[in-house]
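Welcome! Open your viewer, and let's walk through this structure one selection at a time.

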Amino acid sequence: MNRIATLFIYFFLLAIQLSAESDTIRVTDEMKERFIGSRVSVFTDSTGSMSVLDVLDKSFSENNSSVVSFEPSQHAQWIQFSLKNELPSSDVIIELDYPVLDYIALYEKYNGKVRMLGKKGEKFPFAQRDNNHPSFLFKVDIPKGETKTFFLKAKSGEVINLPIFVGGNEDILSTLNTRSLIYGIYAGVMLVMFFYNFFIYLTTRIKSYLYYVLYIAMVGLVQATLNGYSFRFFWPNSPEVAQHSLYVINALTALFSIIFFFEFVSIKKVSKTLYYIVIGAGSIYIIELVLVFSGNFNDAYSVMNIAALLLALSMLVSAVYAAFKKSRTAIYFSIAWGFFLTSVIIFVLKDGGVLEYNLFTANVLEYGSGLETIMLAFGLADYINVLRKQNEVAQKEALDVSKENERLIKRQNIMLEQKVQERTKELSLTNSELNEALDELKEAQTQLVEQEKMASLGQLTAGIAHEINNPINFVTANVNPLKRDIEDIIEVLEKYQSIKSVDDFKVKIEEINELIEELEVDYLKDEINSLLKGIDEGARRTAEIVRGLKVFSRAEEQDIKKVDLLEGLESTVTLLNSTIKNEIEVERDFKNIPKVECYAGKINQVFMNILSNAAQAVKEDKSRSEPGKIMLKSFSEGDEVFIQIIDNGPGIDPEVISKVFEPFFTTKPVGEGTGLGLSITRSIIQKHNGDIKVENNKDRGVTFTIKLPKYQVSDDK
């Protein structure tokens, strides 16, 4: 009985030991399966803040799939497993093949003690790792034949699909080398496709190749990020960039895939509805980016997956639809996209435990994207061939059209030559008639200009004659009285000359005194002085008019010279004095202005035309209650000088004020003007590189503003 009890206890303890050993993973050189995902237990820390001591007494549940998977959340995931070392060495390697993991920490429980062996992840700079491989490697020390329990704490904003491998240095190194070789082949293919198609773009300048090259770059960068190479080589010291990179690069990949798809398949021409559906699916990535940069990585990852699924399906459906519409490029795109979606489905089934985790399923995305890239390259090559054939057809059609056009042109040339000969005869006759008409017009124009000159000259001559006549009359009127007074003085002098001796002096003196009293010599002296002053005033005024005429005409000056414009303006007023005196008051508001380079005679002619018009308008204005007035102003601004002539006449009708400078336009009655005065005035000002404007005043009258540069850029007038 005791023996039976002893045997029962022995078998019971043996069963317990065998059960305990069945939960322990034996690490040997001959172990066939180093992938231990289905032999671990898991626990979810919903608080995300438990320590390893807090989870020791927690109930872990078995993981039934080959890959340890968790949805993105703020929770911390704990993984527990035990390893028994049966290797020749005490060094055991634990590999976690999930490079985009944010945080992973490894704890060891041995002989009742728990300690941290290390922590890694994208939250830490890559340089802190004890190896250069993108996967997370932990080297643990397990004495041969002994068993240790390990705890892994994992946190990530993305879905956690955590393949766990164990083995010796050589075993793990062999696995890593195989993976690196596969990725190296993939990266080489992508680089070759990138540079090859970029070279084709530089040669052909076809936009499809440029968008394809950008798409290849983004796809390759996505795979490099998923495999941890972007963090290792591009931003090893920027954990924040590493955490954001997958989301940003995915969004850029979607963007360039859409652009390439639209250019390559031309879906907008096939179906605008599908075109906008694709745009709508791609727009979801904007929500993803907003969530990422606001720090909500968990929701961003879910939105990214939804956006990727909807975009992929919408593009595949659109491509298939376009393929049924006889689009050759859509056929290639559908096949290429089918390869990629198939690889995505296999990858998802692997993560879900439906398919076994192995070298093929672990790298299926590289295979799919590589095949997709190659197939799209074939599609682009076929696209080039189609374009070349279309160009050949277009060139042939263009050549046929060119030949037909050449034939028609030759035929038309013969007809045109005949018509040209006929028209040449007609044109010769017409040209002769036009030359005769032109000569007549020139003669008429010359006559009109001369008529205007003679009219101005007649007006000027009449004014000058009137002005000179007044002082001359004053002189001639004083000559006869002066002559008589001088004769009386001479008579007195002759009496004095008749005195021959002292005896005659007394007698002659009495006669002389009587004569002086009779002739009123004192009055004669005053009268002679008065007459001489009158003659002097008349001569002076005559000289002033002659000087003004000389200043006005400047006939001897044929070159541009620096001229005092105010002197010319005053001389013009002097010559028009007979027209404006006693009826028109001339006011002056002169500010100092420099001398101006110009033709003095031409500018004086301008003053004469404007002043004479102003004087005539003021004199003929019967509606004016106040006295007639002409205001002369001068001022300068910068390198320009301004002269203003302002009158208080009736003004100009607003409907015709814009026409006053047109040749032959006049508001005077027929026979009183040629209409060339102001036209010639504007021509003179324009030849001086200046400008002239006319505008009605607010109350009454008009203002002519003349603007002239101080210096002429050229003497060629």
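Start at the end of one helix: select Gly295, which follows α8 and has a positive phi, near 90°. Please keep in mind that you are looking at a predicted model.

Now step back and select α8 itself, residues 272–293. This helix has 22 residues, and from its first C-alpha to its last it reaches 33 Å, close to the 32 Å expected at 1.5 Å a residue.

Next, show the side chains along α8. Which residues of α8 are buried? They are Leu274, Tyr275, Val278, Ala281, Gly282, Ile284, Tyr285, Glu288, Leu291 and Val292. To see what covers them, add α6 (239–265), α7 (267–270) and α9 (297–324), which are among the elements that do so.

Then move to the surface and select Ile331, Ile335, Phe339 and Leu371. Together they form a nonpolar patch with about 320 Å² of accessible area. Colour helix α10, residues 328–351, and you will find the largest share of that patch, three residues. Leu371 belongs to helix α12, which covers residues 364–497. Is Leu371 buried, partly exposed or exposed? Leu371 is partly exposed, because its relative accessible area is 43%, and partly exposed means between 20% and 50%.

Finally, colour the whole chain by pLDDT. The protein chain averages 78, and 81% of the residues score at least 70. Zoom in on residues 1–22, where the pLDDT is below 50. In the model, this stretch has zero contacts beyond near neighbours in sequence.

Key
Residues are numbered from 1 along each chain as its sequence is written. This is a predicted model: local features need pLDDT of at least 70, side-chain atom pairs count only at pLDDT 80 or more; totals for chains, interfaces and linings use all residues. Side-chain values use heavy atoms; hydrogens and water are left out. Helices (H or I, at least four residues) and strands (E, at least two) are DSSP runs, numbered from the N terminus. The expected span of a helix is 1.5 Å times one less than its number of residues. Buried means under 20% relative accessible area, exposed over 50%, partly exposed in between (1.4 Å probe, protein chains only). Contact means heavy atoms within 4.5 Å. Patches are made of residues with over 30% relative accessible area and no salt bridge: like charges are joined within 9 Å, nonpolar side chains (Val, Leu, Ile, Met, Phe, Trp, Tyr) within 5 Å. Accessible areas come from the Shrake-Rupley method with a 1.4 Å probe; for residues, only the protein chains shown count as cover. A salt bridge is a side-chain nitrogen of Lys or Arg within 4 Å of a carboxyl oxygen of Asp or Glu. pLDDT is the predictor's confidence in each residue, from 0 to 100.
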